[in-house]
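Hi,

Here is the structure I promised to pass on. Have a look at it first, and then read my notes underneath.

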Amino acid sequence: MTNKEIAQKFKFLADLIDVHGKDKYRGKTYNNVYIQLRKQTTPLESLSEKELEEIKGVGKSSVSKIKEIVGTGTMKKLEEYLAITPPGIQDLISIKGLGPKKIAQLWKELEIESVGELLYACNENRLIALNGFGDKTQADIQGKLLYFLQSRDKFHYATFEQEALGLIEEIKKATNNGLVVLTGEMRRKLTIIKQIELLADQTMADQIKTLINCTEQTDTKITGKTKNEVPITVHLCPAEAFGSKLFKTTGPRDFLEAFVAAAAEKEFKGLPTEQAVFEKASIHYIDPELRDDDAWIEQAKKQTLPQLIVDSDIKGILHNHSTYSDGLHTLREMAEYTRDSGYEYLGITDHSKAAFYANGLKPDRVLQQMEEIDQLNKELAPFKIFKGIESDILNDGSLDYEEDMLARFDFIVASVHTNLKMDEEKATQRLIKAIENPYTTILGHPTSRLLLARKGYPLDHKQIIDACAANNVIIELNANPHRLDIDWVWIPYAMERGVKIAINPDAHSMDGIHHVHFGVCAARKGGLTADMCLNTLSLKDFEAFLAK
DNA sequence: GCCGTTTTCGGCCCGACTGTTTTCAGTCG
């Protein structure tokens, strides 16, 4: 083991001790040992105990730890600390610019225990409220976290969408509008992806290579990274076989196998369009988003596939935050921006009073906000702001606020934010109680998962959906690309039970409303139709729905 | 935990930099 590697163990131990806020001078000592060991030029492995102890700052205890590391590869003290530190906190320690003091503060004050949670907290402007943090620090940390996640090989779909579409434009420009499209996981709009995949006419290979950093090239593909270091594969094929190749590279493998098994003919090589592939198989065209579930193949054969929802079906934006709680923009800014983005209405749902960490609204602030909404509605008509609240589901399943307050809202999104470590039975009962509350309009992000960061609540989804059906409660598909919760796999069951889905951005800023697009992507994977989505209703119909 | 002695505990490397503050705290190397 090299001196540097041995030294690193002491550094890690020092950081862990500091993060736990234990004996700060012990942490200092180990940090000093780290500094001194790095300076040593002779291999530590070859030094005797006596020689080691002669190093300034290295005492008896550290000598025995060095010997322990050389012998076993680690040391007991370090393992002890690792055992009491969540893996996510250990990840944070490895991120440059984030030191033990800040990590300790985030852990203690915001209960952040992973990179994903911290990233989400940045998105919701939670950090700037902490002592010693400001918006520059928050933005800096956010950038570093994204980099960390990128280096980890898995990404949210949203991370690369712009990059992929931009690159396609560049390639088209460089090739006089040549043949190039999205394929693979991104074309299927998977919520988590590993890379950008494109399919292009093979005669364009040379031009494409000038636009990306190519690490490997064969006759059928170019792999490498985009200029922004995003992993990419560009599949290549002759233009006349584009359809067959697109079908194949879109995948996934399971679907392709099931497709061949169900097809009238089994050979699909050399076809120019995907439509030709489906025609030859005598199977109705299946949208790429649906191909992660081969159950749709049967429906395609019977020609009973759903007409999938599209972005332009969305008429209003529900579940949004303003500066009243933890949003970045004022009520007016949110409303005008939503109106100018082409929507008919905005549902404002700031946090309820129990969400103290998010500046949840005390009753007097609720009333103040309602007054402002009335004013704005006069001014902005026919655009309309609806008075909502994201009411915390408390530990026992009841909603935040007294009944007379709950009765004043136009609609209520009920969400769990705290105490996520329950078993499935308890968690399900807690949510069902909230669903049965007559004031609940929408069940917000049911599992509270954070993709790539937090698993979320274990739920009996069928029971939850059944309860929503029985109580006329809408289920949210939280469109934040980190959540996409309820998971799209449950949409077919919800539709079967007649439970509508609300595609909500959970926006904490004006820009945030555009997240609704990622919700639509996920909803399409579940086969959602426009008529089973709540916020495809026109303003008039939405008002009628609330009145009912 | 280590050092350095006013030999038995008290005090702990440091300059640059950044971002918060308004004279300082955290991080890096």
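Let me begin with the DNA. Helix 2 gives the largest share of the surface near DNA strand B, with seven residues. Bear in mind that this is a predicted model, so everything here is computed from it.

In total, 29 residues surround DNA strand B, and the closest are Gly59, Gly99, Lys101, Lys102 and Gly134. Helix 2 has company there: helix 4 (60-72), helix 7 (100-110) and helix 9 (135-150) also supply at least two residues each. If you sort that surface by class, you get 13 polar, 10 charged and six nonpolar residues.

**Helix 1 and its neighbours**

Helix 2 also packs against helix 1. The axes of helix 1 (residues 3-19) and helix 2 (residues 24-39) come within 8 Å and cross at roughly 165°. An angle over 145° counts as roughly antiparallel, so that is how helix 1 runs relative to helix 2. Their crossing is left-handed. On the helix 1 side, the contact is made by Asn3, Lys4, Ile6, Ala7, Phe10, Lys11, Leu13, Ala14, Ile17 and Asp18. Helix 2 answers with Lys24, Arg26, Gly27, Tyr30, Asn31, Val33, Tyr34, Leu37 and Arg38. By class, that contact has 10 nonpolar, six charged and three polar residues.

Helix 1 meets helix 5 (residues 76-83) too, with axes that come within 10 Å and cross at roughly 40°. That angle makes helix 1 oblique to helix 5. This crossing is left-handed as well. Here Lys9, Phe12, Leu13, Leu16 and Ile17 of helix 1 meet Lys77, Leu78 and Tyr81 of helix 5. The contact of helix 1 with helix 5 has six nonpolar and two charged residues, and no polar ones. Leu13 and Ile17 are worth finding on your screen: they appear in the contact with helix 2 and again in the contact with helix 5.

**The five-stranded sheet**

Further along the chain there is an open sheet of five strands, in the order 2-4-7-6-5, with mixed pairing. Strand 2 (180-182) and strand 5 (213-217) are the edge strands, and each pairs on one side only. From one strand to the next, the twist averages 25°.

Strand 7 is a good place to see what "mixed" means here. Strand 6 (residues 221-225) pairs with strand 7 (residues 231-237) in the antiparallel sense, over five bridges. Two of the bridge partners to look for are Thr223 with Thr233 and Gly224 with Ile232. Strand 4 (residues 196-201), on the other hand, runs parallel to strand 7 and is joined to it by six bridges. There, Ala200 has Leu236 as its bridge partner.

Strand 6 and strand 7 also form a hairpin, with five residues between them. In the turn, Glu229 has a positive phi of about 70°.

**The seven-stranded sheet**

The other sheet I want to show you is open too, with seven strands in the order 8-9-10-11-12-13-14 and parallel pairing. Strand 8 (316-320) and strand 14 (501-504) each have a single partner strand, so one side of each is left without a neighbour in the sheet. Within this sheet, strand 12 (residues 442-443) and strand 13 (residues 474-478) run parallel and are joined by two bridges. Leu443 has Ile475 in strand 13 as its bridge partner.

Helix 23 (residues 516-525) lies across strand 8, strand 13 and strand 14. Its direction is at about 145° to that of strand 14.

**One more helix pair**

Finally, take a look at helix 17 (residues 331-340) and helix 18 (residues 363-380), which pack at an angle of about 35° with their axes 11 Å apart. The crossing of helix 17 and helix 18 is right-handed. Leu331, Arg332, Ala335 and Arg339 make the contact from helix 17, while helix 18 brings Gln369, Glu372, Ile373, Leu376 and Leu380. By class, this contact has five nonpolar, three charged and one polar residue.

Cheers

Key
Residues are numbered from 1 along each chain as its sequence is written. Chains are lettered from A and ligands numbered from 1 in the order in which they are written. This is a predicted model: local features need pLDDT of at least 70, side-chain atom pairs count only at pLDDT 80 or more; totals for chains, interfaces and linings use all residues. Axes are lines fitted to C-alpha atoms, for helices over the stretch in contact, and angles run from 0 to 180 degrees between N-to-C directions. Helices (H or I, at least four residues) and strands (E, at least two) are DSSP runs, numbered from the N terminus. Angles under 35 degrees count as roughly parallel, over 145 as roughly antiparallel, 65 to 115 as roughly perpendicular and the rest as oblique. A crossing is left-handed if the near helix is turned anticlockwise from the far one by less than a right angle, and right-handed if clockwise. Two residues are in contact if their C-beta atoms, placed from the backbone, lie within 7 Å. Ala, Val, Leu, Ile, Met, Phe, Trp, Tyr, Cys and Pro count as nonpolar, Asp, Glu, Lys and Arg as charged, and the others, Gly among them, as polar. A residue is near a molecule or strand if its C-beta atom, placed from the backbone, lies within 6 Å of it. Two strands pair if DSSP finds at least two bridges between them.
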